[in-house]
Amino acid sequence: MKQLKSLHKRESLLAESNKQLEILSDGLFKSGELPTFKEKISEINRFPLKPKQLEILQINLGYMCNQVCEHCHVDAGPDRKEIMTKETMLQCLKIIKTTGAHTLDLTGGAPEMNPNFRWFVEKASKVGIKDFIVRSNLTIIRANKKYHDLPDFFKKYNVHVISSMPHWTRGKTDKQRGSGVFDQSISALKSLNAIGYGMPNSNLKLDLVYNPSGAFLPSNQASMEKDFKRALKEDFNIHFHNLFAITNLPISRFLDYLIASDNYEDYMYALVEAYNPEAVANVMCTNTISVSWDGWLYDCDFNQMLDLKVASKVQHINDYNETLLQNRHIIVSQHCYGCTAGAGSSCQGTLA
Amino acid sequence: MSKTYYEPSDLRKFGKITEWSEELGTKFFDYYNSVFEEGALTSREKSLIALAVSHTEKCPYCIDAYSKDGLQRGITKEEMMEAVHVGSAIKSGAVLVHGVQMMNKVNKLDG
């Protein structure tokens, strides 16, 4: 498997969120060649952007991952040591019990690498959340013997599995996610299918996430899903339920890639040109709260990675208060164009 | 003023063609967008045809646009190259088939 180092390990300037925000506000946006996101949503009277009913509580269990994907907005990898402690998990369980959100979404890194992952899933599953998601990168299931039984574990707690799969071909998948990832992902999908995950009419939900392997935007989600389903069925007899097409946001390792490959300006142009005002009403920050491994609260996973904490008196799960949080203004910057391009983009796929 | 005839960033300005002739520009883009909608052919098939024609027309803007469009649609590079070969084959065939005219003429004059 391809083993790169995270930006943090490389001590890259772009590991710093301030540097990323500076780049996103500079150049094309400072010169006025492109409108800022704030200016753009002001045109439709959506600034300041405000939350709607909270639906999704997304908890990041840590930035450690067995993969080092080229596009990763978390800058995750084996060298990242930020992992949620059991103490913070206990705090999270308290808020899961009282939240009005119907969906609990566990993410990472590879959330399964948190040593208390299984304990946490077991406890959280008893609270009665309607949709309990774990974002699994698939290869973790094949990475080590201790993870081989994860499909059965997911089934036991009726976890909804959402996994990344950049393409139905080996070459494109391995280019983005590391060599060997495609074969391991196929093997993991087969083991999930074998116990019912993703099978037609099965209640064990298995969805895939597609995000482009380079400096271009995703195409129509429905036609991509059709192509993925046909190819994975024909080539490997693999089934899954839905495909979510997600746009790569220009932050962290993807921003690093855009700049290094001289694609940054064209990509920002493409995002701004594809701006869809209809997607603004449904951007995920309006119905989500993102919790970091150390308990800080953010409008979304991307703001978490840019360390843009919620603009509220309540900024940490220790002081969690959903009513107060609902009164906040959502923090926006130019990376937000990634969620409003074309049909829009969120962790649950397209928006408009 | 650019010192080259082709400037990659000019592709972004294509839409501005409408500014100097709104009616014709708008008609063109309406027509263009309708052509690429799903129909008897899928948008994916149309994208591959457009890529092949981009090459036969040797249009650098179109090649940039439809290489990117292909990637966005999940079209593989093998599929894209096959499409380019289709364009190439038709283009070279169009040259070679004129050889029949040459043969006809030679046979008439010296047969």
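In which sense do strand S3 (residues 131-136) of chain A and S4(A) pair, and over how many bridges? The two strands pair in the parallel sense, over four bridges, where helices (H or I, at least four residues) and strands (E, at least two) are DSSP runs numbered from the N terminus, and two strands count as paired if DSSP finds at least two bridges between them.

Before selecting anything, note that this is a predicted model, in which local features need pLDDT of at least 70 and side-chain atom pairs count only at pLDDT 80 or more, while totals for chains, interfaces and linings use all residues. Residues are numbered from 1 along each chain as its sequence is written, and chains are lettered from A and ligands numbered from 1 in the order in which they are written.

**The sheet of chain A**

Start by selecting the strands of chain A, which form an open sheet of eight strands in the order S6-S5-S4-S3-S2-S1-S7-S8, with mixed pairing. The edges of this sheet are strand S6 (243-245) and strand S8 (297-298), each of which pairs on one side only.

Go next to strand S4 (residues 160-164) of chain A, where five of the five residues are buried, so that the strand is largely enclosed by the rest of the structure. Here a residue is buried if 20 or more other C-beta atoms, placed from the backbone, lie within 10 Å of its own, exposed if 12 or fewer do, and partly exposed in between. In a regular strand the side chains alternate between the two faces of the sheet. In S4(A), His160(A), Ile162(A) and Ser164(A) point one way, whereas Val161(A) and Ser163(A) point the other way, and all are buried.

Keep Ile162(A) selected and look to both neighbouring strands. Arg135(A) stands opposite Ile162(A), and in strand S5 the bridge partner of Ile162(A) is Asp207(A). The pairing of S4(A) with S5 (residues 206-210) of chain A is parallel and runs over four bridges.

Move on to S3(A), which is mostly covered, with five of its six residues buried. Strand S2 (residues 103-107) of chain A pairs with S3(A) in the parallel sense over four bridges, and one place to see this pairing is Asp105(A), whose bridge partner in S3(A) is Ile133(A).

Finish the sheet at the S8(A) edge, where strand S7 (residues 288-291) of chain A and S8(A) run antiparallel and are joined by two bridges. To find the pairing in the viewer, select Val291(A), which stands opposite Leu297(A) in S8(A).

**Helices of chain A**

Select helix H8 (residues 170-177) and helix H9 (residues 181-194) of chain A, whose axes come within 8 Å and cross at roughly 105°; axes are lines fitted to C-alpha atoms, for helices over the stretch in contact, and angles run from 0 to 180 degrees between N-to-C directions. The crossing makes H8(A) roughly perpendicular to H9(A), a class that covers 65 to 115 degrees, with angles under 35 counted as roughly parallel, over 145 as roughly antiparallel and the rest as oblique. On the H8(A) side, Arg170(A), Thr173(A), Asp174(A) and Arg177(A) meet Val181(A), Phe182(A) and Ser185(A) of H9(A), contact being defined by C-beta atoms, placed from the backbone, that lie within 7 Å.

Then select Ala231(A) in helix H10 (residues 221-236) of chain A. Ala231(A) is partly exposed, because 15 other C-beta atoms lie within 10 Å, and its C-alpha atom is separated by 9.7 Å from that of His167(A), 64 residues apart along the chain.

**Chain B and its side towards chain A**

Turn to chain B, which has six helices and zero strands. The C-alpha atoms of chain B fill a box of roughly 60 × 35 × 30 Å, taken along the principal axes, and 14% of its 111 residues count as buried.

Within chain B, select Glu45(B) in helix H3 (residues 43-56); Glu45(B) is partly exposed, because 14 other C-beta atoms lie within 10 Å. The C-alpha atoms of Glu45(B) and His98(B), 53 residues apart along the chain, are separated by 30 Å.

As a last selection, show both chains together: eight residues of chain B are in contact with twelve residues of chain A. Helix H4 (residues 60-72) of chain B gives the most to the side of chain B that touches chain A, with three residues.

Methods. Two residues are in contact if their C-beta atoms, placed from the backbone, lie within 7 Å.
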